[in-house]
Structure formats: structure tokens, C-alpha cells
Amino acid sequence: MKTTSRPLHIPGGSTKPPARLQILKRPGAASPGYGGIGLHCPVNPYPLAPHIQNAVIEAVRGQIAAINTYPDSNATVLRTKLTEYVSNHARIPVTPENIWVANGCNEILQQIFRAFAGPGGTALGLEPSYRYFPVIAEAVGIQWRSVPSRAFPQRDIETALTAIERCQPDVVVIANPNNPTGDSFSMEMFEEVLSRLRSGILVIDEAFIEMSTKDSAVQLIHRYPDKIAICRTLSQAFTFAGGKLGYVIAAPNIINTLLATRLPYHVSSMTQAAAAVIIDRADEILAKVPELLLERDRMVTALQLAGFDIPHSDTSFFLLGKLDDAHAVWEAYANAGIFLGDVGLSHYLRVSAGLPHENDQFLEATSHLLDLGKIAIS
């Protein structure tokens, strides 16, 4: 065991809001909603610009006059806008027939599990990954199989490929970039998975693709039209987590299968209208992502200099380790008013880059906790 007290604070040049100036000096600070600093949730921390907020308000207001009628069950306008966005940003032409929408990625995954596996079917994922994959699978009566890495934080790709070939699951689910680790998989790896799947489909969860510099797997859809679906969300980079809008990109035959399992009128007219505004202003909203990745780099550099193990991340969050007792360290930060992601890993916590002043205070608190011996690094 080793501890270190090397200074960690690297100022970000930001002005700290008065409400949070003394947060690190108040033991037992309240929850993030009452003055704490929440670096546990990997979303874009930059709020929507006021003029975009106003545009969302006006779009929702425009739906109120027709609130007595059901929403467009086909989400025609929203799917058209998503088509334009995906085609422009992925540089791969798609049509509205390649897009379907739902109330977040979780609902998309639920529909996929029901449509392509169903009760008694099998889904497989690589561990560690998004903790709700098995929850959603089991909720619809699907057996979940996980393939742990024997050399974490490194990936044991060959073991995963062997398990896929042996089990032949109905659905393979892989997050890319992965949550909670932040690492990404190559297009060659996905093609290898597809070559070993005889009848199942590969679902790639790209919830964080806009918060990454990696290429999207949308490029594989036209080459493997019967075997791949890409899930995305507006919750992360688009600062629309409260709006709960997810979508899937796939060949029309897969989309049509999902349409057969949908609930009627499942996405409200207000959600559709608000999400359409967000997509219209995608370039402006996503312009904050490079700033966020620079903040991540600043934090990682400081933490690595202090002796922490920080596995490579392709997105705005990263793992903090290697800790003797991750939960005890989580509690130490929480008592200082800073909330990190306890993601079920024995020796790592997930840290999501926040606003510059929040990251400054996180680094200051880390120095303080190291000085107090509250953080032990293996």
C-alpha cells in the first residue's frame, strides 16, 4: 500500500460560484442537488445556452394547444431530423427508415431484447460494462451471460470472441465507448464478432460516441444489414438527459421488426418537439465537447502525477485507481461533498469531468484526502 500527498490542484481559470466556495470545508455535505459536486453522472455538464433553452420552451409551448390529441406515433419530423444529423456527422447516408426512437436507450434495448431474443432467449455482454444491460435483459425474461476480462483493465478480446462463438447468443451487446471504463473497441473487433455470430445480432451502444474522437460503427450497417443495430441517446453529449430520448440506427428490416414490438404513442409530442430543437442545434451544443475532453486530460494528468492508475479513456469520464478500498474512498469524497461513481469495481471509481471549477475543487479535495490518509493506492 502507498499513499501520496503530491499537490493536485491545477487551476482551470474559472470563477467558482459563491454557493460552492466553502463546500470542501463542510463535512457531511448534502447530496449533489443541495450544493454538492456531482462527478458521478457522465453527462455534458455545460447547460444549454439561454437561446436554445428558449427555443425548447417555445417548441413545447407549441404542442400545448394540441395536448388533447395523441402524438405522432411514427415520430416523422424527429426521425427526419435525426436522419440528417447522422448522415452529416457519421458521413454515412441513412434514411428515416433506418431510424427508430424511444424514451431513452434503455427502452430501445428493451425492444431489441423482446424482438430478437424474447423469453427464454440469451443475451451476452462483456464485463465490466453498463450495469443495466443485464437488468433490462432479465426484466424481459432473457438469460444474461457476461464475459469478464481476466486481465482488467486490459480487454481479453479472444476470450470474448470464443464465448460468443460457443454460446451463439441471440443478442450481443457492447458499449462503445464503454461505460464505466471509457475504452473503445475497433471496427475490426466488431467485424470479428459479426463473423462468429451465425444468427444473432450485434447491438452497439454508442451513448457516448459524441463525447469521443472515435469513429461510429454506423459504417457497418450497410455491410451487415441483418446483424447489427446502433443505439444512441441525447442524454449525454446533448445535455438532454431529462428529456429521455434514445434512438436506434439499423437496416430497415431490423427497424420494422422493432416497430412490431412498440407500444402505441410511446414518445410524447412534447419530447419529440424538444428533441427536434436539440438536434437542430447539434453543432452548437457539441462544440462544448472538446472543452470537456481537455478538462478530462487536465484531471488525468494531475492524478497520474500523484500516483493514481488511470486506464486510457476515449470519453469524458475515466476510472480512478488503483484503490485499496474503492467504497471507502467514495465515502471519503462524499463526506467532502464530492460524489463519484461507485460502479461496482473493487479498486476503481468512475470520475466524470465536470465544469472547470468543479474539477478544480475535486483536485483540491483529492490533495486534502491524500494528506489525511483517506486514500490508499495499491
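## Polar contacts across the domain interface

In this predicted model, 12 residue pairs are in polar contact across the interface of domain 1 and domain 2, with both partners at pLDDT 80 or more. Salt bridges are absent by the rule applied: the count across this interface is 0.

## Who supplies the domain 1 side

Three elements each give at least two residues to the side of domain 1 that touches domain 2. They are α9 (282-286), α10 (289-305) and β9 (317-320).

What is the make-up of this side, in nonpolar, polar and charged residues? It divides into 15 nonpolar, 6 polar and 4 charged residues.

## Extent of the interface

The size of an interface is often given as the accessible area lost when the parts come together. Here domain 1 and domain 2 bury about 2,300 Å² between them. Carbon and sulfur atoms account for 63% of that area.

## Domain layout

The domain assignment splits the chain into domain 1 (37-48 + 284-372) and domain 2 (50-281). Domain 1 brings 25 residues to the contact, and domain 2 brings 32 residues. Taken over C-alpha atoms, the centres of domain 1 and domain 2 are 26 Å apart.

## The annotated span

UniProt, in an unreviewed entry, lists residues 50-361 as "domain: Aminotransferase class I/classII large". In the model, residues 50-361 are 41% helix and 15% strand. The end C-alpha atoms of this span lie 26 Å apart.

How values were computed. Residues numbered from 1 in each chain as written. Predicted model: local features only at pLDDT ≥ 70, side-chain atom pairs only at ≥ 80, totals over all residues. Heavy atoms only, no water. UniProt positions renumbered as here; feature names shortened; annotations may be inferred. Helix = DSSP H or I, 4+ residues; strand = E, 2+ residues; numbered from the N terminus. Domains from an automatic or database assignment. Contact = heavy atoms within 4.5 Å. Buried area = accessible area lost by both parts, 1.4 Å probe. Salt bridge = Lys/Arg side-chain N within 4 Å of Asp/Glu carboxyl O. Polar contact = N/O pair within 3.5 Å; in protein donor to acceptor, adjacent residues only side chain to side chain. Nonpolar A, V, L, I, M, F, W, Y, C, P; charged D, E, K, R; others polar.
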